[in-house]
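Student: I want to see how the labels on a model follow from the numbers. Can we go through a few?

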Amino acid sequence: MRRILFILAAVLTFSGQAQNKTVLKEGIWHGQLSVADNHKAPFLFNVKNAGTPSASVVLINGEERVELTGIKYRGDSVIIPIESYDAVIKASLSGTTLQGRFLKNYIPNDAGIAFTAEHNNKNRFTPVANPTDILLDGKWDVLFVGEKGDTTRNVGIFKTVNRIVTGSILTNSGDMRFLEGAYTTTGVQLSAFAGLSPYLFELNFVGKDRFEGTFFSARSKTKLIGVRNSKAGLADPYSLTKLKPRSEVLSFKLPNINGQTVSVNDERYKNKVVIISILGSWCPNCLDEMKYLAPWYKANKARGVEIIGLSFERKDDFAYAKAAISRLKTKYGAEYEILFAGKVGDEATAKVLPEIEKVSSYPTTIFIDKKGKVRKIYTGYNGPATGLFYEEFKQEFNALMDQLLAE
């Protein structure tokens, strides 16, 4: 009798699942997230293995693929966790459409921003009949113009393949990751969503070598001016963050995820070249850097090099930080220590790193020689979305490490 009841229960469970219509259809979906000024930032995502425990949503931005797992269904609702950024998409599913909100879990009672999606629409932007014949390809000086007329100089780098535009914009604190878009009759539209914040760029050409436009994020908009410049570049990233006068070494003591106190002056790090990576699990450029550093460390640690991550998190809570850092270490296979440095902000960085004048960017990378002295500090990170700039970074990084290890 018990066996019969067990089989009957299993059959009923399977039948219930089979009749459950709340399952995302596989294939490409076209999503939209609300941004400032009542605009919508479009993005594409691919649903794989729908209706199975291994179901996933893969966010698509140019060459970038961000896989989201742990999808749940409740009634007619779909819940898509974005663990890397402690966020979630919650939406109601009706046939081939989704409607809901993108929410950040770390913000109490977050109202979120509106989200919609439609299955089997593979165009990020609606194609136009007569797109401009001016190409965005190449390097650009890009000015972000503030409300008071103040400007910040950045660098854009783009390419066009089959009328699809991809690229990124570099700032002194890092790049804006993988942008993707299409031509309009007068310019270009670009967007991105990798799980943290939606971006939308609307650019209009003023002649072949200039554009004007607007950058929209979830809560703000910024005027842009671009000028084509094949030699466009940023300030030297090694010149932006400095040691205080008469400071040469660091002295931090912080807990790892097991609660053990770790210092750069521990025996493990003596007579070795040490890289200090200032990061946060919430920081996309930091994740790009970890994606590079984790395998690099595995390949080079036998040469006498160590890495220590200093993670500044959204909450000054060890349990919260431990979970976030543990996810990072697992996702990227990081075999080096990542320490909890406190809640993100100037107060925490000044306390942990009193020898530094000011930490202005995440990530910031500090290079320490075998004698324990700080030799270089690199502000920001040019990730894979930046193409040539990323290749230049890797060459410079490896040349510096070869030099320090040879000394």
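**From values to labels**

Tutor: Yes. This is a predicted model. Lys104 is a good start: it touches Asp86, Ala87, Asp110 and Leu196, leaving aside residues up to four places away in sequence. It lies in strand E8 (residues 97–104).

Student: Why is Lys104 called partly exposed?

Tutor: Its relative accessible area is 22%. Buried needs under 20% and exposed needs over 50%. The value falls in between, so Lys104 is partly exposed.

Student: What makes E1 and E2 paired strands?

Tutor: Pairing takes at least two bridges. Strand E1 (residues 27–35) and strand E2 (residues 39–48) have nine, in the antiparallel sense. One bridge joins Ser34 to Lys40 in E2. The two strands form a hairpin with three residues between them. In the turn, Asp37 has a positive phi of about 65°.

Student: What makes the pair of Phe144 and Phe215 tilted?

Tutor: There are 22 aromatic pairs by the ring-centre rule. In this one, the centres are 6.0 Å apart and the planes at 45°. The limit is 6.5 Å; under 30 degrees would be stacked, over 60 edge-to-face. Neither applies, so the pair is tilted. Phe144 is in strand E10 (residues 138–145) and Phe215 in strand E17 (residues 210–216), 71 residues apart.

Student: Why does Phe215 count as buried?

Tutor: Its relative accessibility is 9%. The cut-off is under 20%, so Phe215 is buried. Phe144, at 14%, is buried too.

Student: How do you know that Lys376 sits over the ring of Tyr238?

Tutor: Lys376 lies over the face, at 5.2 Å from the ring centre. The distance limit is 6 Å.

Key: Residues are numbered from 1 along each chain as its sequence is written. This is a predicted model: local features need pLDDT of at least 70, side-chain atom pairs count only at pLDDT 80 or more; totals for chains, interfaces and linings use all residues. Side-chain values use heavy atoms; hydrogens and water are left out. Helices (H or I, at least four residues) and strands (E, at least two) are DSSP runs, numbered from the N terminus. Buried means under 20% relative accessible area, exposed over 50%, partly exposed in between (1.4 Å probe, protein chains only). Contact means heavy atoms within 4.5 Å. A charge sits over a ring if NZ of Lys or CZ of Arg is within 6 Å of the ring centre and within 35 degrees of the ring normal.
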